[in-house]
Amino acid sequence: MTINVLFAARQERWDTYERPLKDAFSRAGLTADLRTDFAPAEVDYIVYAPNSDVQDFTPFVRLKAVLNLWAGVEAVVGNKTLTVPLTRMVDHGMTQGMREWVTGHVLRHHLGLDRYLHGQDGTWRPGAPPLAQSRRVTVLGLGELGRACAETLAFLGFDIAGWSRTQKSVAGLLCLSGEDGLQKALERADILVLLLPDTTATRNVLDAKAMAQLPQGAVILNPGRGTLIDDEALLDAVGTGQIAHATLDVFRTEPLPKDHPFWHHPNITVTPHIASETRPETACAVIAENVRRGAAGEALLHVVDRQLGY
Ligand code: NAP
């Protein structure tokens with residue numbers, strides 16, 4: 001029987017996804033009709049971007065699951081009309097992209113690259129940077145992305161701690177959890193990487209109190225979500241030097257408004273939500289596998305816990 005899959009995202013995404021999605025479904029041996037338009041009552045699965053036109057799931061009476069195209073689900077997880085399972089994107093292309101962004105920005109600060117990029121004033125300044133093992137990096141969030149980044153940095157020799165809701169045990173990482181764990185994680189963070197989801201429990205996790213617990217002159221990298229940081233507290237902390245630099249990829253309002261002080265602060269670097277993204281070449285196989293599982297009555301991969309919000 002044909003499985004009807006609605007691709008509910010902006011038109012330009014369909015242009016990118018149509019071919020790899022159809023190829024992935026064919027490789028998975030699925031007989032599926034993949035389209036951007038269906039009568040709602042005929043749809044079995046929705047491949048979904050939360051900024052699509054579909055906001056009311058009520059008319060989708062035979063829907064089996066919604067497969068989110070993005071890792072973050074904060075824009076859809078609270079939708080009360082959605083009563084079927086919601087999956088989030090776990091895609092090794094996206095994971096690889098995040099490893100590269102985080103590693104690049106950690107190395108920028110670890111090696112003090114800005115000094116050489118912006119300080120060519122004819123002064124010969126000897127002295128090699130320290131080795132990675134003397135740089136303590138903490139990653140908040142040890143999920144798909146946080147753990148991959150932490151392991152990559154540990155492989156390079158950095159002294160790594162990770163913090164998560166549930167206690168983890170990962171070779172080569174100091175794994176922490178709970179309130180006490182957060183304090184320990186912050187107190188040792190020369191460089192802090194935020195890879196938590198946006199939930200009611202994580203909003204403002206990095207507030208003024210948390211920033212004060214970081215070593216003086218710490219660096220913050222936020223490729224997680226803008227809501228993790230109290231923006232005013234961050235501006236204060238970079239102003240006093242408590243935070244030496246913050247590199248931010250995600251913001252409470254995106255695109256970041258032109259007049260936002262983050263754009264103009266010398267110790268804040270803005271990147272435009274490009275730390276990583278879902279890569280159609282690898283993500284389409286994940287989507288097809290989930291539809292195959294659903295059709296076979298098997299458990300879906302990467303199902304979101306609606307209570308926890310991620
Ligand atoms: P994930 O696999 O769901 O991992 C989330 C991690 O956060 C888990 O380790 C989880 O702990 C931890 N966590 C959640 N709530 C917590 C809490 N209250 N206290 C402590 N730890 C908590 O998510 P992911 O795939 O790694 O993605 C993380 C986030 O990255 C996404 O939600 C998204 O916002 C962001 N992201 C950004 C970009 C970008 O381009 N900037 C791209 C992709 C994703 P447990 O392990 O105990 O559950």
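Student: Are Phe-7 and Trp-14 buried or exposed?
Tutor: This is a predicted model, where local features need pLDDT of at least 70, side-chain atom pairs count only at pLDDT 80 or more, and totals for chains, interfaces and linings use all residues. Residues are numbered from 1 along each chain as its sequence is written, and side-chain values use heavy atoms, with hydrogens and water left out. Buried means under 20% relative accessible area, exposed over 50%, and partly exposed in between (1.4 Å probe, protein chains only). Phe-7 and Trp-14 are both buried.

Student: How many aromatic pairs does the structure hold?
Tutor: Rings of Phe, Tyr and Trp (its six-membered ring) pair if their centres lie within 6.5 Å; planes under 30 degrees apart are stacked, over 60 edge-to-face, and the rest tilted. The number of aromatic pairs in the structure is five.

Student: What angle lies between the planes of Phe-7 and Trp-14?
Tutor: These two rings form an aromatic pair, 5.0 Å centre to centre. The pair is tilted, and the angle between the planes is 45°.

Student: Which residues do ring pairs link into a cluster?
Tutor: Look at the ring pairs around Phe-7. The cluster they build consists of Phe-7, Trp-14 and Tyr-17.

Student: Why does the radius of gyration of the chain agree with a compact globule?
Tutor: The radius is taken over C-alpha atoms, and the globule rule is 2.2 Å times the number of residues to the power 0.38. With 310 residues, that gives a value near 19 Å. The chain agrees with this because its own value is 21 Å.

Student: What share of the 310 residues counts as buried?
Tutor: The C-alpha atoms fill a box of roughly 70 × 40 × 35 Å along the principal axes. The chain has nine helices and 12 strands (DSSP runs, numbered from the N terminus: helices H or I of at least four residues, strands E of at least two). Of the 310 residues, the buried share is 50%.

Student: Which element gives the largest share of the largest nonpolar core?
Tutor: A nonpolar core is a set of buried Ala, Val, Leu, Ile, Met, Phe, Trp, Tyr and Cys residues joined through side-chain atoms within 4.5 Å. The largest one has 33 residues, and those with the most contacts inside it include Leu-206 and Phe-262. Elements giving two or more residues to this core include helix H5 (178-187), strand S10 (218-222) and helix H7 (231-240). The largest share, five residues, comes from H7.

Student: How many residues are in the second, separate core?
Tutor: This core includes Ile-3, Tyr-17, Met-94 and Ala-283. Its residue count is 26.

Student: Why does Leu-107 count as partly exposed?
Tutor: Leu-107 lies in helix H2 (residues 92-111). Leaving out residues up to four places away in sequence, Leu-107 touches Gly-112, Leu-113 and Phe-158 (contact means heavy atoms within 4.5 Å). Leu-107 counts as partly exposed because its relative accessibility is 28%.

Student: How far apart in space are the C-alpha atoms of Lys-64 and Leu-235?
Tutor: Lys-64 sits in the loop between strand S3 (45-48) and strand S4 (65-68). Lys-64 is partly exposed, with a relative accessible area of 39%. Along the chain, Lys-64 and Leu-235 are 171 residues apart. Their C-alpha atoms are separated by 45 Å.
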